[in-house]
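Here is a walk through one chain and its metal site. Have the viewer open as you read.

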Amino acid sequence: MPIRPAITLLATLLCTAALAEVHEVKMLNRGASGAMVYEPDYLAIAPGDRVRFIASHPSHNAASLPGLLPEGAEPFKGRINEEIEVTFDTPGLYGIQCIPHLAMGMVMLIQVGDRQASEVQLPASLPARAKARFEQILEQANSAY
Ligand SMILES: [Cu+2]
């Protein structure tokens with residue numbers, strides 16, 4: 001390989017790494033939008049960005065939601081009360097759930113990369129309150145575009 005393209009590629013990789021952002025999400029018993037919430041409950045981020053889930057209140061976790069995960073993305077599951085930082089490399093829409101409070105609607109959405117407006121398919125097996133909150137989040141996200 002000629003030397004110059006190799007150096008250019010390396011510089012590009014370093015720049016991408018330097019630009020990656022860390023976004024913070026609090027896990028709360030009560031927040032501005034109700035009981036058992038992630039705050040914020042919607043993020044639009046760039047591929048390679050990280051999200052830190054902060055155990056602001058006890059008894060929550062953050063885990064990927066099967067059925068609302070981009071193809072090829074790595075599932076993850078934090079422990080209860082654990083602060084985790086997740087890197088989102090694969091573009092697409094991610095559903096995040098608090099496993100003990102899924103039935104109470106403790107979910108959030110993370111959009112990684114450019115948005116594909118039409119294709120949001122919520123998993124059929126979602127509890128009613130989780131489904132309702134996803135729909136609310138999507139409505140707010142759509143009106144912001
Ligand atoms: Cu919870």
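From the N terminus on, the elements of the chain run α-β-β-β-β-β-β-β-β-α, which comes to two helices and eight strands. Keep in mind that this is a predicted model. The chain has 145 residues, and buried ones make up 39% of them. About 8500 Å² of the chain is exposed, with carbon and sulfur atoms supplying 55% of that area. As for contacts with a separation of 6 or more, 65% of them are accounted for by residues 24 or more positions apart.

**A pair of strands**

Let's start with strand 6, residues 84–88. Its side chains alternate: Ile 84, Val 86 and Phe 88 point to one face and are buried, while Glu 85 and Thr 87 point to the other face and are not buried. Strand 6 runs antiparallel to strand 4 (residues 49–54), and five bridges join the two. One residue to pick out here is Phe 53, whose bridge partner in strand 6 is Ile 84. So that you can place this Ile 84, look for it on the buried face of strand 6, along with Val 86 and Phe 88.

**The copper site**

Which residues hold the copper ion? The donors are His 60 through ND1, Cys 98 through SG, His 101 through ND1 and Met 106 through SD, at 2.0 to 2.5 Å. In sequence, these donor residues are spaced H-x37-C-x2-H-x4-M. His 60 and Met 106 link distant parts of the chain, 46 residues apart: His 60 sits in the loop between strand 4 and strand 5 (63–64), and Met 106 in the loop between strand 7 (92–97) and strand 8 (107–112).

And what is the geometry of the site of the copper ion? It is tetrahedral, with angles of 93 to 132 degrees among the four donor atoms. That range fits the label because four donors count as tetrahedral if all angles lie between 85 and 135 degrees. For reference, the ideal angle for four tetrahedral donors is 109.5 degrees.

Are His 60 and Met 106 buried or exposed? Both are buried. His 101, in the loop between strand 7 and strand 8, has 10% relative accessibility and therefore counts as buried, the cut-off being under 20%. Leaving out residues up to four places away in sequence, His 101 touches Met 36, Ser 59, His 60 and Met 106.

**Backbone oddities**

Two of those neighbours of His 101, Met 36 and Ser 59, are worth a look for their backbone. Most residues other than glycine have a negative phi, and most peptide bonds are trans. Met 36 and Ser 59 go the other way on phi, as the table shows.

| Residue | Phi | Place | Relative accessibility |
|---|---|---|---|
| Met 36 | near 55 degrees | strand 2 | 15% |
| Ser 59 | about 80 degrees | loop between strand 4 and strand 5 | 33% |

Met 36 is buried because its relative accessible area is 15%, with the limit set at under 20%. Ser 59, at 33%, therefore counts as partly exposed.

Where does the cis peptide bond fall? It runs from Glu 39 to Pro 40, with omega near 0 degrees. Pro 40 is in the loop between strand 2 (34–39) and strand 3 (42–45).

Methods: Residues are numbered from 1 along each chain as its sequence is written. This is a predicted model: local features need pLDDT of at least 70, side-chain atom pairs count only at pLDDT 80 or more; totals for chains, interfaces and linings use all residues. Side-chain values use heavy atoms; hydrogens and water are left out. Buried means under 20% relative accessible area, exposed over 50%, partly exposed in between (1.4 Å probe, protein chains only). Helices (H or I, at least four residues) and strands (E, at least two) are DSSP runs, numbered from the N terminus. Two strands pair if DSSP finds at least two bridges between them. Donors are N, O and S atoms within 2.8 Å of the metal (3.2 Å for Na, K and Ca); water is not among the atoms, so sites may look incomplete. Four donors count as tetrahedral if all angles lie between 85 and 135 degrees; four count as square planar and six as octahedral if opposite donors are over 155 degrees apart and all others between 65 and 115; anything else is irregular. Contact means heavy atoms within 4.5 Å. Accessible areas come from the Shrake-Rupley method with a 1.4 Å probe; for residues, only the protein chains shown count as cover.
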